[in-house]
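Reader: Could you walk me through some of the charged residues here, and show me how each label is earned? I am new to this, so please take it step by step.

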Amino acid sequence: MSRFRKGLASRVLIMGIVIAFLLTADVARLFYIQIVKGSEYAEKAQSQQLSDKEIEAMRGTIYDSAGNVLAQSATVWTVFLDPSNIKEDDRDKIVDFLAETFEYDEEQKAKLYEKSTAENQYQVVEKDVENRVKETIADFVHENKLSLCIGFEQATKRYYPYGELASSVIGFTGADDQGLEGLEAYYDKELTGTNGRTITAKDSKGNSISDDYETSIAPQDGYSLNLTINTTIQYYLEKELRSTLEEYSAKGCYGVVMNCNTGAVLAMASLPDFDCNNPRKITYDKYIKDIQETEGDEEKALKESEYVQRQWRNFVVSDTYVPGSVFKTFMASAALEEDVVNLDTSYTCTGAIKVDKYIMHCHNHAGHGTENLTQGLENSCNPFFITIGQKLGVHNYFKYFDGFGFTQRTGIDLPGEAAPQYYEEKQYGIVELSSASFGQTNSLTPIQVCTGLCAIANGGKLLKPYIVSEIKDTEGNTVSKTQPTVVRQVISEETSKTVATMMRSVVDNGTGKNGYVAGYNVGGKTGTSTKLGESAEGERNKYIVSFAAIAPSDNPQIAMLIICDEPSVDLGGGAICAPVAAVVIKEAMNELGIEPKYSEDELKDLSIKTPNVIGKALDDAESTLSNAGLKYKVSSRRLITTLSRAAAE
């Protein structure tokens, strides 16, 4: 018995050890599962038991200055199939209905059928489905009891009601609703809301159980932007720039209109532009023709990509150019402020001037003869302004170059603002100073130049330009409001008024006559600059021409800059850009409620009836106008009637 008992005791001991080992292993396994891997397995269990769907927040709306919607998000839907729940008897019915609804061809229908047989629970049929179409599908689902087969997910889509209007300013969003260009990119954080979510219990097949088990967290929509852009002024600016772009087959036409007393941008355009709803579509006929004539698929694709990127680019902010003779307004301001010249200062232009070992020419090679300061600006006389720059000296020249904001970015609330390219004070010699004095040497952004013009117009204050006036939450409460920011006082009010009067004389008597608008005393300055280093051997020089304007010159409310890049004809800013400015000024004055003040001569002209010459041959039109006693100017293919005023430069 003792031997039996000893054997039994041994077996019991062994079994105890085995049981203890197994219990220890189980405890260890339980510890590993619940403690070490607990979080991971809990998440897996939750993912199998719960459906967690994100609800997209609405992106904030963008409004113009009058409250018109420029960009807005709307609810759209993603339609999807759950192949695991589709019965064979229902498959053809589902595929036929959806194919007909979305107007699929046979190839698309075949792909849809493949999706209906996939071995998973989620196959996207279409995204960005508008509510009208979604409701049609929902009715079909309800009538045929197919709620487990066809599903809907809520999403948002960005709409731009005005299409191309202000596209270079507004920009656009990508597929993930992220801002990619323009204000959409710059204010992406403010416009983007916080997504919500819906959490629902699922059964073993992955289907939602009941609304009783559903938890929702509402999305928080993004803030809205109120812009300074006036859509009427914007429309006329783009209309005239587009006409000029096409007429002169230019590389680009650009413009900006600002409230010179606040820094608010009333209109800004950079053409060729794009439709915000379809930003990859080429809009400029010249580009389309060039792509069509390009041989090779790869070459075509590269060309198309280049042109798409170019039409997205906002030249006014993101590129620099040599301002040319428009810069003479800033030289006149500096020289008058430093008292190195006055209105009686005279100079005799012979058509050229020697600077060091170089001969610098006037655009009038015959010379302008003896002229005073105002006449020098009227005639845009290079030698005269070279002598003014030399009298001013490098130090004072650079003091005002910096004072007008030309050594730094303006800080406008748009993405990609370019830095100016300029000579530092220590880099100037007599040649560099002379060249810079008539607007060559340095490259500035158009927004810098227009901001500088505002300072000339408003009494000498350099302002920070801005394009968003107010940011509001979903309840309409103001989150932030932009106040005009004075950077510095550049010139005195007296100098400001003097130069504004001189600019009016440029339009009344000088190279800017095509910028004349009856009743508004427009001040202006023409500009032409050669794009050095960009012309191949044997090609003519490439030019960029411009016209700067303020109106009304006796009480300025707006400043404007119009630019035409590489026009097909060798005409100056007075012929190409000033007519654009004249139309925009007239419409802007009317939009801003500024009444015209007609002189006696203008009142007489207003009583003259202009014959209708639209559609007539040029010779017939000229004859008709001459017989009516009217003076006119033919500028390329444009016939500009100026009533009793001569428009020749």
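Author: Gladly! Keep in mind that this is a predicted model. By the rule used here, the count comes to 18 salt bridges, and a few of them make good examples.

Reader: What makes Arg242 and Glu238 a salt bridge?

Author: The rule asks for a side-chain nitrogen of Lys or Arg within 4 Å of a carboxyl oxygen of Asp or Glu. For Arg242 and Glu238 the N to O distance is 3.7 Å, so the pair meets the cut-off of 4 Å.

Reader: Where do Arg242 and Glu238 sit relative to each other?

Author: Both belong to helix 9 (residues 231-247), and because they are four residues apart, about one helical turn separates them.

Reader: Why is Glu238 called buried, and what is Arg242 called?

Author: Buried means under 20% relative accessible area. Glu238 has 6%, so it counts as buried. Arg242 has 24%, which falls between the 20% and 50% limits, so Arg242 is partly exposed.

Reader: How do you know that Asp290 and Lys303 form a salt bridge?

Author: Their closest N and O atoms are 3.6 Å apart, and the limit is 4 Å, so the pair qualifies. Asp290 lies in helix 10 (residues 285-293) and Lys303 in helix 11, so this salt bridge ties together parts that are 13 residues apart in sequence. Asp290, at 24% relative accessible area, is partly exposed, and Lys303, at 23%, is partly exposed as well.

Reader: What about Lys481 and Glu470: which parts of the chain does the pair link?

Author: Lys481 and Glu470 form a salt bridge with closest N and O atoms 3.8 Å apart. The pair links distant parts of the chain, with Lys481 in strand 17 (residues 478-481) and Glu470 in strand 16 (residues 468-472), 11 residues apart. Lys481 has 52% relative accessibility, and exposed means over 50%, so Lys481 counts as exposed. Glu470 has 13%, under the 20% limit, so Glu470 is buried.

Reader: Which residues are joined into one network by salt bridges?

Author: Arg59, Arg158, Glu184 and Asp188 are joined this way, through salt bridges that share partners.

Reader: How do you know that Asp64 has no salt bridge?

Author: The nearest side chain of opposite charge, Lys472, is 12 Å away. A salt bridge needs the nitrogen and oxygen within 4 Å, and Asp64 has none, although it is buried. Asp64 lies in the loop between strand 2 (62-63) and strand 3 (69-81).

Reader: What does the side chain of Asp64 make a polar contact with?

Author: One partner is the side chain of Thr231, at 3.0 Å. A polar contact needs N or O atoms within 3.5 Å, so that distance fits. The Asp64 side chain also reaches the backbone nitrogen of Asn68 at 2.6 Å.

Reader: Which residues form the negative surface patch?

Author: Glu295, Asp297, Glu298 and Glu299 form it. Take Glu298, placed in helix 11 (residues 297-312): its relative accessibility is 60%, so it counts as exposed. Patch members need over 30% relative accessible area, so Glu298 passes that step.

Reader: Why is Lys426 called exposed?

Author: Its relative accessible area is 77%, and exposed means over 50%, so the label follows. Lys426 is placed in the loop between helix 15 (382-403) and helix 16 (430-437). Lys426 and Val394 are 32 residues apart in sequence and 8.6 Å apart in space, C-alpha to C-alpha.

Methods: Residues numbered from 1 in each chain as written. Predicted model: local features only at pLDDT ≥ 70, side-chain atom pairs only at ≥ 80, totals over all residues. Heavy atoms only, no water. Patch = residues over 30% accessible without salt bridge, like charges linked within 9 Å, V, L, I, M, F, W, Y side chains within 5 Å. Areas by Shrake-Rupley, 256 points an atom, 1.4 Å probe, with all protein chains shown as cover. Lys, Arg positive; Asp, Glu negative; His and termini not counted. Charge placed at Lys NZ, Arg CZ, Asp CG, Glu CD. Helix = DSSP H or I, 4+ residues; strand = E, 2+ residues; numbered from the N terminus. Buried < 20%, exposed > 50% of the residue type's maximum accessible area, 1.4 Å probe, protein only. Polar contact = N/O pair within 3.5 Å; in protein donor to acceptor, adjacent residues only side chain to side chain.
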